[in-house]
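Biologist: Could you take me through one part of this model up close? I'd like to hear about the surface where protein and DNA meet.

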Number of protein chains: 2
Amino acid sequence: MIIRIDELSDVPIYMQIRNQIVMGISSGELAAGEQLPTVRALAMEIGINTMTVSKAYQLLKTEGYIMTDRKNGARVRTQIQKKGSIPESNKTELRRIVSEARISGVEKAEIIALVDEYWR
Amino acid sequence: MIIRIDELSDVPIYMQIRNQIVMGISSGELAAGEQLPTVRALAMEIGINTMTVSKAYQLLKTEGYIMTDRKNGARVRTQIQKKGSIPESNKTELRRIVSEARISGVEKAEIIALVDEYWR
DNA sequence: GCCGTGTATTGCGCGATATAATACAAAAGT
DNA sequence: ACTTTTGTATTATATCGCGCAATACACGGC
């Protein structure tokens, strides 16, 4: 899986990595049990520090998305815990996005279409 | 309009203010041309620094949501520019939210319902 | 042993955030 | 004219998150 970092973004690098892996799992690009690149390999590939990748992996581990194993590296968890609800922070974010789109004249159907697209 | 600040949030205070005003405009709670509280009044009410509120107002002004006038204070713009498209950053955020929800076992209909709710 | 994992540590620099304390320019009220 | 109130600018300070650098450690295969 290819990780792309946007240096202009205000989202921290370790968060961008975390987010892209989460989206990869959701889309199926990253299968359950699949090997993730090693922290050093990914850091080298992207051109960033090792600890930054490690920070992303630790976050993913804490959130239950992946498992880290000495010495097999990191793998996508086969059993990911399902909370079954959307956290308040994400609801607030969604509301902000919807509000901004509405004000700027975007059709509601367009947002629904995006949700549909990202759901696959 | 009542502004509530979550000190535990990682979202900066000035950004929380900005977001809530944008959502207020979208929902209609803040009508076009409506007076906003003065920076000092809002700062006093929330219990924060004056410049923090000013920073939120400056951002809203730059984005075209409000107008600031010496000495009438700040008002919601009557003509807000409609870009007509969703910025990439918001699309990425939306995709992240959808992905996380999907993994955690949330139904797609639930997200659609939230979009519907926030759209009003 | 050796090597490759993730991880911990220490230190550093940088920028964003938020505060405090003043001060200023402009417009309205008296 | 003077005062008041508005947003805004300035200067300084403290804190925190982020990212990097350089090392080192614990563990488990080979």
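Modeller: Here is a walk along that surface, one DNA strand at a time, with a helix pair at the end. Bear in mind that this is a predicted model.

Let's start with DNA strand C. It has 20 residues around it, and those that come nearest are Val39(A), Lys71(A), Ile13(B), Tyr14(B) and Thr52(B). Both chains chip in with helices: helix 2 (39–46) and helix 3 (50–62) of chain A, plus helix 1 (13–27) and helix 3 (50–62) of chain B, each give at least two residues to the surface near this strand. Helix 3 of chain A has the largest share, with three residues. Sorted by class, the surface near strand C has eight charged, six polar and six nonpolar residues.

As for what gets touched on strand C, 66% of its atoms within 4 Å of the protein are sugar or phosphate, and the rest belong to bases. Val39(A) puts a polar backbone atom 3.1 Å from a phosphate oxygen of strand C, while Lys61(A) uses a side-chain N or O atom, 3.2 Å from a phosphate oxygen. Arg70(B) goes for a base: one of its polar side-chain atoms is 3.2 Å from a base nitrogen of strand C.

Now over to DNA strand D, with 21 residues around it; Ile13(A), Thr52(A), Thr38(B), Arg70(B) and Lys71(B) come nearest. Sugar and phosphate make up 64% of the strand D atoms that come within 4 Å of the protein. Tyr14(A) has a polar side-chain atom 3.0 Å from a phosphate oxygen of strand D, and Asn49(A) has a backbone N or O atom 3.0 Å from a phosphate oxygen. From chain B, Lys61(B) places a side-chain N or O atom 3.2 Å from a phosphate oxygen of strand D.

The elements supplying at least two residues each near strand D are helix 1 (13–27) and helix 3 of chain A, along with helix 2 (39–46), helix 3 and strand 2 (73–76) of chain B. By class, the surface near strand D has eight nonpolar, seven charged and six polar residues.

Finally, the helix pair. Helix 1 of chain A packs against helix 4 (residues 88–103) of chain B at about 55 degrees, with the axes 9 Å apart, so the two helices are oblique to each other. The contact includes Arg18(A), Val22(A) and Met23(A) from helix 1 of chain A, and Arg95(B), Glu100(B) and Ile103(B) from helix 4 of chain B. Its residues divide into four nonpolar, four polar and five charged.

Terms used:
Residues numbered from 1 in each chain as written. Chains lettered and ligands numbered in written order. Predicted model: local features only at pLDDT ≥ 70, side-chain atom pairs only at ≥ 80, totals over all residues. Heavy atoms only, no water. Near = heavy atom within 4 Å. Polar contact = N/O pair within 3.5 Å; in protein donor to acceptor, adjacent residues only side chain to side chain. Helix = DSSP H or I, 4+ residues; strand = E, 2+ residues; numbered from the N terminus. Nonpolar A, V, L, I, M, F, W, Y, C, P; charged D, E, K, R; others polar. Axes fitted to C-alpha atoms, helices over the stretch in contact; angles between N-to-C directions. Parallel < 35°, antiparallel > 145°, perpendicular 65-115°, else oblique. Contact = heavy atoms within 4.5 Å.
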